[in-house]
Amino acid sequence: MARIVVTEFMDERAVALLAARHELLYDPKLVDDAARLLREAAACDAFVVRNRTQVRGALLEALAPRCKVVGRLGVGLDNIDVAACEARGLRVIPATGANAQAVAEYVIGAALLLLRQAFKATHAVIGGNWPRAELSGGREIGGKRLGLVGFGSIGQRTAALGRAVGMEVVAHDPALPADAAVYATLGVAALALDEVVRSADVVSLHVPLVDSTRSLFDAARIAQMKRGAILINTARGGIVDERAVAEALQREHLGGAALDVFAQEPLPQSLHFERVPNLVLTPHVAGVTAEANERVSFLIADKVLEALG
Ligand SMILES: NC(=O)c1ccc[n+]([C@@H]2O[C@H](COP(=O)([O-])OP(=O)(O)OC[C@H]3O[C@@H](n4cnc5c(N)ncnc54)[C@H](O)[C@@H]3O)[C@@H](O)[C@H]2O)c1
């Protein structure tokens with residue numbers, strides 16, 4: 001019987017599936033106790049993390065002698081030194097595709113909300129006001145151009161939902177040739193990054209955080225976006241300059257923004273986002289829904305069990 005350690009939250013029924021087959025430590029708070037995390041890492045055959053556990057350095061050294069597999073309850077691998085894991089014979093298993101629908105729905109939902117802006121009237125209406133004239137300029141999503149930066153699992157799912165609500169969809173992904181069949185299948189035009197950025201009404205980011213994407217959306221890139229365009233970042237903090245987003249919204253160069261991920265998480269109390277218009281901030285939940293948590297958790301439970309044999 002192997003020993004499995006789960007350091008962050010996981011669907012309880014998937015946890016039970018692991019516990020039925022092996023010895024299991026499930027402690028969603030383990031990630032916050034560095035000393036205990038190191039001790040438990042040294043005594044496991046499989047290690048299951050979400051995005052907060054940093055699998056590198058001392059933690060990786062503690063894991064290496066015994067552990068065979070690291071399951072990642074999600075897809076971004078920027079919290080795992082994959083090359084160093086592989087060099088030590090540790091297999092890293094991400095939950096590829098399992099939360100794509102959740103992120104894609106977040107993107108289209110945020111775009112609808114930010115274009116229309118009607119929902120910001122709630123407090124005014126409760127207070128007996130009727131700001132109908134002020135809200136008569138809300139924009140429709142149908143016919144707008146959605147620009148996707150990164151056209152992998154989530155980018156493609158977002159394209160399908162965007163097309164379903166009547167958007168024209170363009171995308172840029174350096175790893176996919178412009179004649180890749182998936183573009184035609186989904187009715188998406190492959191464009192250069194500059195063309196996507198300059199022409200889209202809604203720009204949504206779906207790239208991993210790697211050296212080539214760090215600060216990809218800095219002040220200069222944001223300035224290239226169409227006046228009034230919407231920027232949505234569900235990919236990773238560090239890809240977008242958060243202060244530049246706030247400034248572009250204040251200047252009304254951007255018409256709205258939704259940020260789910262931040263360079264530092266949790267976001268420390270942040271003065272530069274205060275009183276910024278048409279901004280939605282969420283705590284890294286775009287990929288986390290009840291359904292996605294179940295899919296991600298069962299996929300990783302099954303693959304970890306398979307890897308343990
Ligand atoms: N906010 C959340 O809850 C949440 C949930 C899931 C995933 N994510 C993030 O979304 C990212 C994308 O997930 P995915 O499942 O679509 O991954 P994926 O690997 O299927 O697709 C990523 C795509 O980005 C492309 N890419 C790499 N560098 C690029 C660049 N410089 N310009 C344009 N494209 C580039 C790759 O070629 C690939 O096709 C993940 O890496 C993760 O960081 C966030």
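Biologist: Which backbone atom does an oxygen atom of the ligand approach at S153, a polar one or a nonpolar one, and at what distance in Å?

Modeller: This is a predicted model, and in it a polar backbone atom of S153 lies 2.9 Å from an oxygen atom of the ligand. I154 also contributes a backbone N or O atom, 2.8 Å from an oxygen atom of the ligand.

Biologist: Which atom of the ligand does the side chain of D260 approach?

Modeller: A nitrogen atom of the ligand, with a polar side-chain atom of D260 at 2.9 Å. As for cover, the ligand taken alone exposes 860 Å², and the protein buries 83% of that.

Biologist: Which residues around the ligand come nearest?

Modeller: There are 24 residues around the ligand, and S153, I154, D173, D260 and G287 come nearest.

Biologist: How does the shell around the ligand divide into nonpolar, polar and charged residues?

Modeller: Ten are nonpolar, eleven are polar and three are charged.

Biologist: Now the whole chain. Into which domains is the protein divided?

Modeller: Domain 1 is made of 3-98 + 290-308, and domain 2 covers 100-281. In the contact, nine residues come from domain 1 and eight residues from domain 2. The C-alpha centres of domain 1 and domain 2 are 31 Å apart.

Biologist: What is often given as the size of an interface?

Modeller: The usual figure is often the accessible area lost when the parts come together. Here, about 520 Å² is buried between domain 1 and domain 2, and carbon and sulfur atoms give 45% of that area.

Biologist: How many salt bridges and polar contacts are found across the interface of domain 1 and domain 2?

Modeller: The rule finds one salt bridge across that interface. It also finds two residue pairs in polar contact there, both at pLDDT 80 or more. On the side of domain 1 that touches domain 2, the residues divide into three nonpolar, three polar and three charged.

Biologist: At what N to O distance do the side chains of R236 and D78 meet?

Modeller: At 2.8 Å, in a salt bridge.

Terms used:
Residues numbered from 1 in each chain as written. Predicted model: local features only at pLDDT ≥ 70, side-chain atom pairs only at ≥ 80, totals over all residues. Heavy atoms only, no water. Domains from an automatic or database assignment. Contact = heavy atoms within 4.5 Å. Buried area = accessible area lost by both parts, 1.4 Å probe. Salt bridge = Lys/Arg side-chain N within 4 Å of Asp/Glu carboxyl O. Polar contact = N/O pair within 3.5 Å; in protein donor to acceptor, adjacent residues only side chain to side chain. Nonpolar A, V, L, I, M, F, W, Y, C, P; charged D, E, K, R; others polar. Near = heavy atom within 4 Å. Areas by Shrake-Rupley, 256 points an atom, 1.4 Å probe, with all protein chains shown as cover.
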